[in-house]
Amino acid sequence: MSLKEQIAGDMIAAMKAKDAARTSTLRMLKSAISYREIEKGGALDDEELSKLLRSQLKQRRDSVEQYQKGGRQDLVEKETAEIAVIESYLPQAASVEEIEQAVTAAIDQTGATSTREMGAVMKATMVLLAGKNPDGRTVSETVKKKLAGPI
């Protein structure tokens, strides 16, 4: 069963269970998938779907941050619930230790010595962590920390 079929099936199950929050999130995901398929002009494979889900996840995390700054706890809770639903369709995220090891390996690979070379290190790190669903913000912070301090 493809990821798209799983989302569609889970949406129907959520509707039957009258789980409004899950149904809403899955409808939003299904809609985003449809839009992306129209843009592409064909069906998305599971890798492209995972990329889309990570993008949706990042949007939700950014929204949570903004809502917290604005003091909108009701919206923070809604977005957090959506994050949990989206994360359930992605592989387990890379741990902080895995990210640190990958960043160290990427720095060794690229020979980077300063934050000016952060882009190359980020790219190499993301390649090393492919399939492990790394959080880009955590990777970025780890790269900055390692390039700023003694290696």
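# Exercises on a predicted helical model

Helix 2 and helix 3 pack with their axes 11 Å apart, at an angle of about 125 degrees. The model used in these exercises is predicted.

## Exercise 1. Helix 2 against helix 3

Task: Classify the packing of helix 2 and helix 3, then describe the contact between them.

Solution.

Step 1. Begin with the geometry. Two packed helices are described by the angle between their axes and the distance between the axes. Here the angle is about 125 degrees.

Step 2. Apply the cut-offs. Angles of 65 to 115 degrees count as roughly perpendicular, and those over 145 as roughly antiparallel. An angle of about 125 degrees fits neither class, so helix 2 and helix 3 are oblique to each other.

Step 3. Add the hand. Helix 2 and helix 3 cross in a right-handed way.

Step 4. List the residues. Helix 2 brings M28, L29, A32, I33, R36 and K40. Helix 3 brings E48, L49, L52, L53, Q56 and R60.

Step 5. Sort them by class. The contact of helix 2 with helix 3 holds 7 nonpolar, 1 polar and 4 charged residues.

## Exercise 2. Helix 2 against helix 4

Task: Repeat the analysis for helix 2 and helix 4.

Solution.

Step 1. Helix 2 covers residues 20-40, and helix 4 covers residues 73-87. Their axes lie 10 Å apart, at an angle of about 60 degrees. That angle makes helix 2 oblique to helix 4.

Step 2. The crossing of helix 2 and helix 4 is right-handed.

Step 3. On the helix 2 side, the contact uses R22, T25, L26, M28 and L29. On the helix 4 side, it uses E82, V85 and I86.

Step 4. By class, the contact of helix 2 with helix 4 has 5 nonpolar, 1 polar and 2 charged residues.

Step 5. Check both lists for shared names. M28 and L29 of helix 2 meet helix 4, and M28 and L29 also meet helix 3.

## Exercise 3. The buried side of helix 3

Task: State the span of helix 3, and find which of its residues are buried and what covers them.

Solution.

Step 1. Helix 3 runs over residues 46-70 and has 25 residues. From first C-alpha to last, helix 3 reaches 36 Å, close to the 36 Å expected at 1.5 Å a residue.

Step 2. The buried residues in helix 3 are L49, S50, L52, L53, Q56, L57, R60 and V64.

Step 3. Look at the spacing. An α-helix has 3.6 residues a turn, so residues three or four places apart point the same way. Try this on the buried set, which includes L49, L53, L57 and R60.

Step 4. The cover over these buried residues includes helix 1 (3-16), helix 2 and helix 4.

## Exercise 4. Two threonines and a methionine

Task: Are T125, T142 and M118 buried or exposed, and which residues does each contact?

Solution.

Step 1. The cut-off for buried is under 20% relative accessible area. T125 has 0% relative accessibility, so T125 is buried. T142 is buried at 6%. M118 is buried at 16%.

Step 2. Place each residue. T125 sits in helix 6 (residues 118-128), as does M118. T142 belongs to helix 7 (residues 136-148).

Step 3. Leave out neighbours within four places in sequence. T125 then contacts A102, V103, A106, V139 and V143. T142 contacts I99, E100 and V103. M118 touches S140, V143, K144 and L147.

Step 4. Compare sequence with space. M118 and V143 are 25 residues apart in sequence, yet their C-alpha atoms are 6.9 Å apart.

## Exercise 5. Two loop residues

Task: Decide whether K18 and A112 are buried or exposed.

Solution.

Step 1. K18 lies in the loop between helix 1 and helix 2. Exposed means over 50% relative accessible area. At 73%, K18 is therefore exposed.

Step 2. Check the backbone of K18. Its phi is positive, about 55 degrees, although K18 is not a glycine.

Step 3. A112 lies in the loop between helix 5 (96-110) and helix 6. With a relative accessible area of 5%, A112 is buried.

## Exercise 6. The whole chain

Task: Summarise the fold in numbers.

Solution.

Step 1. Count the elements. The chain has 7 helices and 0 strands.

Step 2. Take the dimensions. The C-alpha trace spans about 55 × 40 × 25 Å along its principal axes.

Step 3. Take the burial. Of the 151 residues, 32% are buried.

Step 4. Take the contacts. Among those between residues at least 6 apart in sequence, 57% join residues at least 24 apart.

Conventions: Residues numbered from 1 in each chain as written. Predicted model: local features only at pLDDT ≥ 70, side-chain atom pairs only at ≥ 80, totals over all residues. Heavy atoms only, no water. Axes fitted to C-alpha atoms, helices over the stretch in contact; angles between N-to-C directions. Helix = DSSP H or I, 4+ residues; strand = E, 2+ residues; numbered from the N terminus. Parallel < 35°, antiparallel > 145°, perpendicular 65-115°, else oblique. Left-handed = near helix turned anticlockwise from the far one by under 90°. Contact = heavy atoms within 4.5 Å. Nonpolar A, V, L, I, M, F, W, Y, C, P; charged D, E, K, R; others polar. Buried < 20%, exposed > 50% of the residue type's maximum accessible area, 1.4 Å probe, protein only. Expected span 1.5 Å × (residues − 1).
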